[in-house]
Amino acid sequence: MAELVMAAATPHNPLLWRAMVEPMPDDLVAVRDRFALIRNTIAELGVDVLVVVGTDHIRQFFFDNSPAFVIGKAERYHGTYENEVRTFGMEYVEVEGHPELADAISGREVLDESIDFAVSREWRLDHGFVIPLQYLTPDLHLPVVPIHTNAALPPLPSPRRFAALGTRIREAVGAWRSDARVALITSGHMATDVGGPRQFAGSPDPAFDEEAVGWMRDGDLEAAIDGCRYDRLMAAGNVTYQYVNVITALAAMGGRPADLAEATTSRFASSPFFMWRDR
């Protein structure tokens, strides 16, 4: 059977693509190093395929059609949008898909009672997926199964459903008849306020960041679910709800303490870096 050998959470701030270049600015050295740590762990563990959980930024999935959870079953994916190339200097990419693993996670006949998926066979990935992939697998050599989570357009799935997603991924990978070694990568934010007066002033809510790191460091899944109430996350910043993607990783690792748990500071809002190695 296949094995889920690790899980991780990273930021996807597209401004990093312009700012994190050599000579590396002092405030971004730690961000670079955390990406490198997770990238090296992927290589060390011999990962064959990535499941990437992230949130499309109202590009592929717009107001007229916004499912709670969408799993990609395409053979290949185009990456990045025109404005991301123009504004952030990002590059267009092509990424190989893995429909067989996507089938194993979603099921082919009857949906699991704890989670439901919509399916997409044609998907253009935005920076929420492309930025983590470009820093963790720079040559994009690993096939991916993208899973969009609606953490942007109310009504939003509850934090407990993000935990159910993580449990579903772990169980599905474990039941998949394959010798593949699978990594789960989740993409999101710590406290972040885009477009407001708190955007470029460091973390808009250091107290939330400290508490949110503690949930992962201590492996406290119930505290994370309770602490990610909609009103609390919105008070921490208008896009902070994407933090709930980290709950998916924690649940997938059985709710145990993370080996790496850090809100890495820089000129931007603090960056989420969490990692679990299977034991």
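**Buried places in a predicted model**

Biologist: Is Thr137 buried or exposed?
Modeller: Its relative accessible area is 2%. Buried means under 20%, exposed over 50%, and partly exposed in between (1.4 Å probe, protein chains only). Because 2% is under that first limit, Thr137 is buried.

Biologist: What kind of model is this, and how are residues numbered?
Modeller: This is a predicted model: local features need pLDDT of at least 70, side-chain atom pairs count only at pLDDT 80 or more, and totals for chains, interfaces and linings use all residues. Side-chain values use heavy atoms, without hydrogens and water, and residues are numbered along each chain as its sequence is written, from 1.

Biologist: Which residues does Thr137 contact, leaving aside neighbours within four places in sequence?
Modeller: Thr137 sits in the loop between α5 (127-136) and β8 (144-149). Helices (H or I, at least four residues) and strands (E, at least two) are DSSP runs, numbered from the N terminus. Contact means heavy atoms within 4.5 Å. On that test, Thr137 meets Leu50 and Leu142.

Biologist: Which helix gives the most to the largest nonpolar core?
Modeller: A nonpolar core is a set of buried Ala, Val, Leu, Ile, Met, Phe, Trp, Tyr and Cys residues joined through side-chain atoms within 4.5 Å. The largest one has 52 residues; Ile105, Ile147, Met216, Tyr243 and Trp276 touch the most other members. Seven residues come from residues 244-252, which form helix α10.

Biologist: How many residues are in the second core?
Modeller: This core is separate. Ile42, Val47, Val93 and Leu136 are among its members. Its count is 42 residues.

Biologist: Why is α10 largely enclosed by the rest of the structure?
Modeller: Val244, Ile247 and Ala252 are among its buried residues, and so is Asn245. α10 is largely enclosed because its buried residues number nine of the nine.

Biologist: Which residue follows α10 with a positive phi?
Modeller: The phi in question is near 75°. The residue is Gly254.

Biologist: Which residues of α10 does Met216 touch?
Modeller: The count omits residues up to four places away in sequence. Outside α10, the partners include Ala224, Phe274 and Trp276. Inside α10, they are Val246, Ile247 and Leu250.

Biologist: How far does α6 reach from its first C-alpha to its last?
Modeller: Helix α6 (residues 159-175) has 17 residues. The expected span is 1.5 Å times one less than the number of residues, here 24 Å. Close to that, α6 reaches 25 Å.
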